[in-house]
Amino acid sequence: MNMPLMAGSLRPPHLSRSLRFFSVAHSIKPLSSVPPPPLHSPSPNAISSTNNPNHKPWFRDPNSQSISQRHSTPSNTNGNSTNAIKARPKQNSKSPPSPPPFNRSQQNAKPNNTKPQNSKTSDDNPSSTQQQDRMSIKARRKEHRDSPAGVLRYELDQCSKHGDTARALELYDQALQSKTPLTLQHYNRLLYLCSLTSAPTTADVTNPENSSTADVTTEKNAVSKEEAIKRGFEIYKRMREDEHIVADEAAYTALARLAAAKRDPHLAFDLVKRMAQGGIPPKLRSYGPALHGFCDMGLVDLAHEVESHMDSHGIVPEESELAALLQLNSTKGQADQVYRLLHKIRPLIRQVSEPTADIIQSWFRSASSSSVGSASWDPQLIKKEVTRRGGGWHGVGWLGAGEWRVQRSEMDGLGACIKCGERLVCIDIDPQETEGFRKSLVSLPGFRNAKNAFLQFTKWLEKNGPFDAVIDAANVGLCNQRDFSFHQVRNVISEIREASPSKKMPLIILHAKRLNDEIARIPKNKRIIESWSRAGVLYATPPGSNDDWYWLYAAVSCKSLLVTNDEMRDHLFQLLGTSFFPRWKEKHQVRMTFSREGVKLHMPPTYSIVIQESENGSWHIPTITGDDLETPRQWICATRQNININHSNKINNDFENKIDDRIDELSSEPARKLSQMS
């Protein structure tokens, strides 16, 4: 076996045990066939013969110093061996030093006349140069992994993965004794583990780099909370003394958690301020320790100051932070702040979890909520505000007086509450907002990575569209199926086509590999595919593309329905943000259920599943309990016991008129059916 020989740096002796050697029987290429490395190769006379009976050819090692050292016996420390490499002649002090092998300035240099005629430089063989470069990078990485600092980092990563703080601190002490150099990554792992042990309920369950989920095992954690806090601050102090290390967001966040665990949210907030002043953008997790700490201590003003600091840096709170603020203000009886936070939750969270729902219910049942509210108001002003804000809320303030009637409820098919009869509204989406969302999709990484293929799709869509519906065929064909079912996709297409006013075939998006596998080659499936192709409604996404981006863009561009059971919660859809995309999805997604009777399509609801504040002062808050498919969604219905909306001797009868209209509609329905039968 002929192995190409390459030049590099000799691997340290303590790492040589990892190298494998080839048998003596393997032959070596003659010198004329070996391309010497550019500019740094020794002369041909410096290469020892391979006829030495004690010689063992090296495995191709990118870290060996030169070709001659691979084929020579080891030289002594004094350099007296006959096989030692000749020292390179000293360069003239007036001439510039030799450039590195890949310096572009040497591309036009004249060739060395002393080199053998049959030899080739690496400049003549670009693939050899690239391979040599890759091998040297791999060698440097392996050398770093096998170094004491690299081994320590690996061990700390394992401790971070399993939540083993005791072992991590033991490794840290050993590193100090052996004077192993510590890096920012080492300190971040140690600070994270100390903060995790000191406050496991509020600490983030991922490591500082968000690379893996921490499997926290408290049995291994033989470190008390007090010791973890103490050691954490000691580690940070030593880190701060190292002038070569600058703390990043992960270090500041871990230290803020330690401060919060020590019941010092002031220090936690000061660390966030220092981080921001130092040019390090804080993240949502950076504010958590200070915000939750102030909320737990009942410090309303300071908690709101943290919230304002978050807003000024563009940090959007999630349900955990908003629920903590809501609980604090509800307990303190801050009615105006509760009202503000409910409307802040409305666009950001939309449907609340059960813990947050309990906080909201407790507020409406409290004495503080019963004592606030306007007993009279101008109905025309309220209606005007509702229209101006797009429907679903007015934002004027609490309406009505007296105690609230709080109960769990459901909505019927028309969006009417089964407890109070209030009919929820459908909040429209601004067309300009939809167009802005369509343009923003193209700028996302998934679209940019397949720019040419996606550009071809947009041109095809402009030529063949628009469509009333778009089918996520990969999702439809695999629903309740072990293997992909073209027959099931065809049934869903028939159902959505019947529901379409134009009876037009929907657009079918399917990956090319699904159209070329064994299932697609079955005769009956092949006929189905050919019928879609002839109708001009099938688009096969090319290899390397994510078909999710194609059907999403098509549905947004055509303003059409999207048939899929995909919840669209993975990291790709997280890039779309938390404001517009959930609203668009709610109004355009068609979901499916399958049974022996066939497929059943679940059209988008006729109302918006979001917190709604009616014109008469009642509230309806959706929860995540129930999916509106198998189980109806649970809502919180909060209405005043006695509603008085009299202002300037004018009575608003809109609510009563709605009920009367509904009764008239129901009473006339039998007569209408009878006339149809006759």
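**View 1. Ser409, a buried residue in a predicted model.** With a relative accessible area of 2%, Ser409 falls under the 20% cut-off and so counts as buried. This serine lies in strand 1, which covers residues 401-409. Leaving aside residues up to four places away in sequence, Ser409 touches Cys417, Ile418 and Lys419, and also Arg633, Gln634, Trp635 and Cys637.

**View 2. An open sheet of 6 strands.** Follow the strands across the sheet and you will read the order 4-3-2-5-6-7, with mixed pairing. Strand 4 (538-541) and strand 7 (598-602) stand at the edges with a single partner strand each, so one side of each has no neighbour in the sheet. On average, neighbouring strands are turned by 25° against each other, direction ignored. Strand 6 (residues 589-595) and strand 7 run antiparallel and are joined by 5 bridges; one to look for pairs Phe594 with Val599 in strand 7.

**View 3. Two helices on the sheet.** Helix 20 (residues 486-499) lies across strand 2 (469-472), strand 3 (507-511), strand 5 (561-563), strand 6 and strand 7, and runs at about 50° to strand 7. Helix 22 (residues 547-558) also packs on the sheet, where it touches strand 2, strand 3, strand 4 and strand 5. The direction of helix 22 makes about 165° with that of strand 3.

**View 4. Helix 12 and its surroundings.** Helix 12 (residues 335-348) has 14 residues, which at 1.5 Å a residue should span 20 Å; its end C-alpha atoms are indeed 20 Å apart. Its buried residues include Ala335, Val338, Tyr339, Leu341 and Leu342. Among the elements covering the buried residues are helix 10 (300-312), helix 11 (319-331) and helix 13 (354-364), together with strand 8 (612-613) and strand 9 (619-622). Just after helix 12, look for Arg350, which takes a positive phi of about 70°.

**View 5. Salt bridges, buried and exposed.** The whole structure holds 19 salt bridges. In one of them, Glu249 pairs with Arg285, with the closest N and O atoms 2.7 Å apart. Glu249 lies in helix 7 (residues 249-261) and Arg285 in helix 9 (residues 284-296), so the pair ties together parts 36 residues apart in sequence. Both Glu249 and Arg285 are buried. Glu498 and Lys503 also form a salt bridge, at 3.9 Å from N to O; here Glu498 counts as exposed, at 56% relative accessibility, and Lys503 as partly exposed, at 40%. Finally, a network of salt bridges links Glu307, Asp311, Arg340 and Lys344.

Definitions and conventions:
Residues are numbered from 1 along each chain as its sequence is written. This is a predicted model: local features need pLDDT of at least 70, side-chain atom pairs count only at pLDDT 80 or more; totals for chains, interfaces and linings use all residues. Side-chain values use heavy atoms; hydrogens and water are left out. Two strands pair if DSSP finds at least two bridges between them. Helices (H or I, at least four residues) and strands (E, at least two) are DSSP runs, numbered from the N terminus. Axes are lines fitted to C-alpha atoms, for helices over the stretch in contact, and angles run from 0 to 180 degrees between N-to-C directions. Contact means heavy atoms within 4.5 Å. Buried means under 20% relative accessible area, exposed over 50%, partly exposed in between (1.4 Å probe, protein chains only). The expected span of a helix is 1.5 Å times one less than its number of residues. A salt bridge is a side-chain nitrogen of Lys or Arg within 4 Å of a carboxyl oxygen of Asp or Glu.
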